[in-house]
Amino acid sequence: MEYVSPEGLRLDGRRPMEMRQLRAELGAVSRADGSAVFEMGNTKVIAAVYGPREVQNRSQQINDKALIRCEYTMANFSTGDRMRKPKGDRRSTEISLVIRQTMEACIMTHLMPRSQIDIFVQVLQADGGTRSACINAATLALADAGIPMCDLVTSCSAGYLNSTPLLDLNYVEDSARGPDVTVGILPKLDKVTLLQMDAKLPMDIFENVMQLATEGCKAVANYIREVLLENTKQLENRRGV
């Protein structure tokens with residue numbers, strides 16, 4: 001199948017290095033301490049954060065830092081097949097762990113000892129890049145909850161199809177089973193917090209694909225900063241500052 005036309009366009013009309021449209025909204029869940037909806041193209045994710053609060057299970061309490069817990073789920077209507085997915089399946093457990101470890105790299109847990117922060121992420125609509133969208137939604141929800149972070153953590157994927165590096169794969173491109181690199185970074189600190197790859201790539205091509213994904217992460221970070229700034233301005237206007 002041809003994923004990039006001779007004119008250099010992908011199946012959805014984007015250029016190889018073009019991201020899907022980003023959309024975000026804060027405060028989507030009124031009872032959560034922080035929440036956000038994040039969209040990357042047709043992939044739509046909602047995240048809710050509760051805490052910091054008292055640790056529910058005392059045996060899990062950590063004396064010098066906060067306990068971070070994360071739960072990832074996919075809504076039954078999120079994909080085209082409408083299959084009922086068992087709760088706690090292996091993929092969900094793995095992605096929950098990935099999101100938790102990525103978030104732990106940015107949350108200043110040492111400022112909140114003997115407490116817990118719960119992050120719930122649900123995919124409402126899946127069209128590729130769900131892992132990245134979940135991380136971006138969780139970052140916004142943490143910021144909305146006022147959780148202290150050393151930097152925003154943002155994520156994006158890139159792949160390699162038809163001998164061309166492609167940024168921000170959609171479901172059709174993701175399903176091609178080509179090399180797919182998912183990256184998470186702390187943009188201001190210039191640190192990589194997540195790197196996952198589904199297939200082997202020659203070193204020179206891998207470096208190009210990873211660099212492309214990193215540029216995507218930085219573009220997401222710029223967008224998230226704009227969303228947070230706009231939200232701050234709206235709060236100031238409501239309070240008459």
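Two strands count as paired if DSSP finds at least two bridges between them. On that basis, one open sheet in this model has four strands in the order 7-6-8-9, with antiparallel pairing, and another open sheet has five strands in the order 1-2-3-5-4, with mixed pairing. Helices (H or I, at least four residues) and strands (E, at least two) are DSSP runs, numbered from the N terminus. This is a predicted model, in which local features need pLDDT of at least 70 and side-chain atom pairs count only at pLDDT 80 or more, while totals for chains, interfaces and linings use all residues. Residues are numbered from 1 along each chain as its sequence is written, and side-chain values use heavy atoms, with hydrogens and water left out.

**Four-stranded sheet**

- In the sheet with the order 7-6-8-9, strand 7 and strand 9 (191-197) are at the edges and have a single partner strand each, so one side of each lacks a neighbour in the sheet.
- The twist from one strand to the next averages 20°; axes are lines fitted to C-alpha atoms, for helices over the stretch in contact, and angles run from 0 to 180 degrees between N-to-C directions.
- Six bridges join strand 8 (residues 180-186) to strand 9 in the antiparallel sense, and Ile185 has Val192 of strand 9 as its bridge partner.
- Helix 2 packs on this sheet and touches strand 6, strand 8 and strand 9 (contact means heavy atoms within 4.5 Å), with its direction at about 165° to that of strand 6.
- Helix 4 lies across strand 6, strand 7, strand 8 and strand 9, at about 145° to strand 6.
- The loop between strand 6 (154-161) and strand 7 (164-167) contains Asn162, a residue other than glycine whose phi is positive, near 50°.

**Five-stranded sheet**

- In the sheet with the order 1-2-3-5-4, the edge strands are strand 1 (22-26) and strand 4 (67-74), each of which pairs on one side only.
- Here the average twist from one strand to the next is 15°.
- Strand 3 (residues 43-54) pairs with strand 5 (residues 115-125) in the antiparallel sense over nine bridges; Tyr50 has Asp118 in strand 5 as its bridge partner.
- Pro52 is placed in strand 3, and a cis peptide bond with omega of about 0° joins Gly51 to Pro52.
- Helix 1 (residues 90-104) lies across strand 4 and strand 5 and runs at about 140° to strand 4.
- Helix 4 (residues 203-239) lies across strand 1 and strand 2 (34-40), running at about 35° to strand 1.

**Helix 2 and helix 4**

- The axes of helix 2 (residues 130-144) and helix 4 come within 11 Å and cross at roughly 30°, which means that helix 2 is roughly parallel to helix 4 (angles under 35 degrees count as roughly parallel, over 145 as roughly antiparallel, 65 to 115 as roughly perpendicular and the rest as oblique).
- The crossing of helix 2 and helix 4 is right-handed: a crossing is right-handed if the near helix is turned clockwise from the far one by less than a right angle, and left-handed if anticlockwise.
- Asn136, Leu140 and Ala143 of helix 2 make the contact with Val220, Ile224, Val227 and Leu228 of helix 4.
- Six of these contact residues are nonpolar, one is polar and none is charged; Ala, Val, Leu, Ile, Met, Phe, Trp, Tyr, Cys and Pro count as nonpolar, Asp, Glu, Lys and Arg as charged, and the others, Gly among them, as polar.

**Record annotation**

- An unreviewed UniProt entry lists "domain: Exoribonuclease phosphorolytic" at residues 18-148 and 151-216; the positions are in the numbering used here, feature names are shortened, and annotations may be inferred rather than shown by experiment.
- Over residues 151-216, the chain is 27% helix and 39% strand, with the end C-alpha atoms 17 Å apart.
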